[in-house]
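Hi,

Here's the structure I promised you. Have a look at it first, then read on for what turned up.

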Amino acid sequence: MFTGKLLLHGESVHPIAPLILSQTRTSFSLLVLLPILVGRRGWQRIKLPPIDLIQCLILGMLGVAASNYFYYVAIQKTSVAIAIIVQYTAPVWVLLYVVARGQQKLSLQKVAAVAVAIAGIALTIGIVGSKSAAALHLASWGFMAALLASFSFAFYNVGAHRILARYDRWRVLVWTLTSAAVFWLFVNPPWKVVAEHYTSAQWGFLFSFSLLSVLAPFSLYFLALQHLEPTRAIIGSCLEPVFSILLAAVFLGEGMRPIQMLGIVLVLCAIVIVQMPSGGSLNDAIVEPIE
């Protein structure tokens, strides 16, 4: 999609920028989700007090909109594997934040998780064992975008922790999507989108992509939470980077050197370590990966 090699109706089309993808992803999802929620119980279904509403609006801009955009820029500039594995260090940044705030105590397990994650990132992006950065298709801006995406994910989870304890997740989701959609209208007004002259097939793709990447996975994840303890569901969701890397290798031909694969394994191990409570129970979750 970013390169224009995506075939729609057997014809290649001009590339779709990360900005457009991020904008339509939230906007189309909002246009589908809002009528469903309001139609069932009216506006009371999504009503929030002003203070909580402002918090959701901030989360929508600095969390949802920022993380979406930077993540897609990272994919465009580097690779799916590097983008998603750096993005999935968000639990580590949340851990460092809650320890710094005194909300959790520092332990050997947590220190080990951070150290393993950093080592894994170094191997994955080629800081260690790489003779040529060009061989990794690694642009400095792409890596920085992936890192910013991980910070945005961490911010979203830290900021949403308290509000999600008081309101159902669909209510929080609809307002964060609203904030992101309105934010993108100011950044990229409708007339600029129209000036791109996307085909009907491209608009169909963008609409389908928004449903498959936002509404469907959220619905399935919430269904899982009804049957699984939260941390078990979160650890299961850590398979996302694994599947993303495998699919990128099969369909995009993205190759990974052995040392990079080792780095990916280390980051995945760090994600699981940081999610596991020290006492060995599975009742307290640190962070949820939310896209």
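Before the helix packing, one bit of vocabulary: an axis here is a line fitted to the C-alpha atoms of a helix over the stretch in contact, and the angle between two axes is taken between their N-to-C directions. Also keep in mind that this is a predicted model.

With that in hand, look at helix H2 (residues 50-77) and helix H7 (residues 169-187). Their axes are 7 Å apart and the two helices pack at about 65°, in a right-handed crossing. On the H2 side, the residues that meet H7 include Leu53, Leu57, Met61 and Tyr69; on the H7 side, Val172, Trp175, Phe183 and Trp184 are among the partners. Sorted by class, this contact has 13 nonpolar residues, three polar ones and no charged ones.

Now zoom out. The protein has 12 helices and two strands, and the two strands come before the helices as you go from the N terminus. Of its 291 residues, 46% count as buried. Among contacts with a separation of 6 or more, 82% are between residues 24 or more positions apart.

What about the inside? The largest nonpolar core has 35 residues, and Tyr71, Ile75 and Val86 have the most contacts inside it. Elements giving two or more residues to this core include H2, helix H1 (18-41) and helix H12 (258-275). There's also a second, separate core of 25 residues, with Leu48, Leu59, Val172 and Leu215 among them. Two of those names belong to the H2 and H7 contact as well: Leu59 in H2 and Val172 in H7.

Cheers

Technical notes
Residues numbered from 1 in each chain as written. Predicted model: local features only at pLDDT ≥ 70, side-chain atom pairs only at ≥ 80, totals over all residues. Heavy atoms only, no water. Axes fitted to C-alpha atoms, helices over the stretch in contact; angles between N-to-C directions. Helix = DSSP H or I, 4+ residues; strand = E, 2+ residues; numbered from the N terminus. Left-handed = near helix turned anticlockwise from the far one by under 90°. Contact = heavy atoms within 4.5 Å. Nonpolar A, V, L, I, M, F, W, Y, C, P; charged D, E, K, R; others polar. Buried < 20%, exposed > 50% of the residue type's maximum accessible area, 1.4 Å probe, protein only. Core = buried A, V, L, I, M, F, W, Y, C linked by side-chain atoms within 4.5 Å.
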